[in-house]
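Hi there,

Here is the structure I promised to pass on to you. Please have a look at it first, and then read on for my notes.

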Amino acid sequence: QVQLVESGGGSVQTGGSLRLSCSVSGYTYNNSWRAWFRQAPGKEREGVAAISTGGSTFYADSVKGRFTLSLDSAANTVYLQMNSLKPEDTAMYYCAATKLGYSRPPKESSYGYWGQGTQVTVSS
C-alpha cells in the first residue's frame, strides 16, 4: 500500500523559510498528483499546492509567489519550499497523493493517501 511520511515542519519567525518534504512509498499511477493541504485550528482543511508526475502544478492564491513545489521522481519525494512565511501560514500541513491519474488538479476527495502531518508555526 502507498504510504506518505512528512517532515520539515517547525517554528520560524515572520519572513522565515521552511522546506517540507513528503516521501512516498508504494505503487502510484502515472499522472498521479502529490499535494499539500493545511489545517489551522477551527478552520477547514484547504489545499495549498499540488503537483503531478507530469509536472503540472497548482497553488492556492494565498501562497502564490511564496511557496514552490518540486518533485524528485527518482526519490519519489515531493518538496514544498515555503518562503516569506506569515503567521497566517501557521497550520498542520498534510501531504497527500491520489490513487489514480488526472490531467488536472483533482478535488480533495480524490486524494486517497495521506501522511500524518507536520506542524508549521510562524510567529510575529
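The accessible surface of the protein comes to about 6,400 Å², and carbon and sulfur atoms account for 46% of that area. Please keep in mind as you read that this is a predicted model.

On charge, the protein carries 11 positive and 8 negative side chains. The centres of these two sets lie 4 Å apart.

Now to the fold. The protein has 11 strands and 0 helices, so along the sequence the pattern reads β-β-β-β-β-β-β-β-β-β-β. The radius of gyration is 14 Å, close to the 14 Å that the globule rule gives for 124 residues, so the protein is as compact as a globular protein of that length. Along the principal axes, the C-alpha atoms fill a box of roughly 40 × 25 × 25 Å. Of the 124 residues, 42% count as buried. If you take the contacts with a separation of 6 or more, 57% of them come from residues 24 or more positions apart.

I also looked at two residues in more detail, and you may enjoy finding them in the viewer.

Let me start with T118, which lies in strand β11, residues 118-123. Is T118 buried or exposed? Its relative accessibility is 10%, and because the cut-off for buried is under 20%, T118 counts as buried. A polar atom of the T118 side chain lies 3.2 Å from the backbone nitrogen of G9. G9 also appears among the contacts of T118 once neighbours within four places in sequence are left aside. On that list, T118 also touches E6, S7, G8, L20, W36, A91, M92 and Y93.

The other residue is Q81, in strand β8, which covers residues 77-82. With a relative accessible area of 27%, Q81 is partly exposed. Which side chain does the side chain of Q81 meet in a polar contact? The partner is N83, at 3.0 Å. Further along the chain, Q81 and F67 are 14 residues apart, yet their C-alpha atoms are separated by 5.5 Å. F67 is also one of the residues that Q81 touches when those up to four places away in sequence are not counted. The others on that list are S17, L18, R19, R66 and T68.

To put the pair side by side: T118 counts as buried, whereas Q81 is partly exposed.

That is what I have for now. Enjoy looking through the model!

Best wishes

Conventions
Residues are numbered from 1 along each chain as its sequence is written. This is a predicted model: local features need pLDDT of at least 70, side-chain atom pairs count only at pLDDT 80 or more; totals for chains, interfaces and linings use all residues. Side-chain values use heavy atoms; hydrogens and water are left out. Helices (H or I, at least four residues) and strands (E, at least two) are DSSP runs, numbered from the N terminus. The radius of gyration is taken over C-alpha atoms; the globule rule is 2.2 Å times the number of residues to the power 0.38. Buried means under 20% relative accessible area, exposed over 50%, partly exposed in between (1.4 Å probe, protein chains only). Contact means heavy atoms within 4.5 Å. Accessible areas come from the Shrake-Rupley method with a 1.4 Å probe; for residues, only the protein chains shown count as cover. Lys and Arg count as positive and Asp and Glu as negative; His and the chain ends are not counted. The place of a charge is taken as NZ of Lys, CZ of Arg, CG of Asp or CD of Glu. A polar contact is a pair of N or O atoms within 3.5 Å; within protein, one must be able to donate a hydrogen and the other to accept it, and residues adjacent in sequence count only if both atoms are side-chain atoms.
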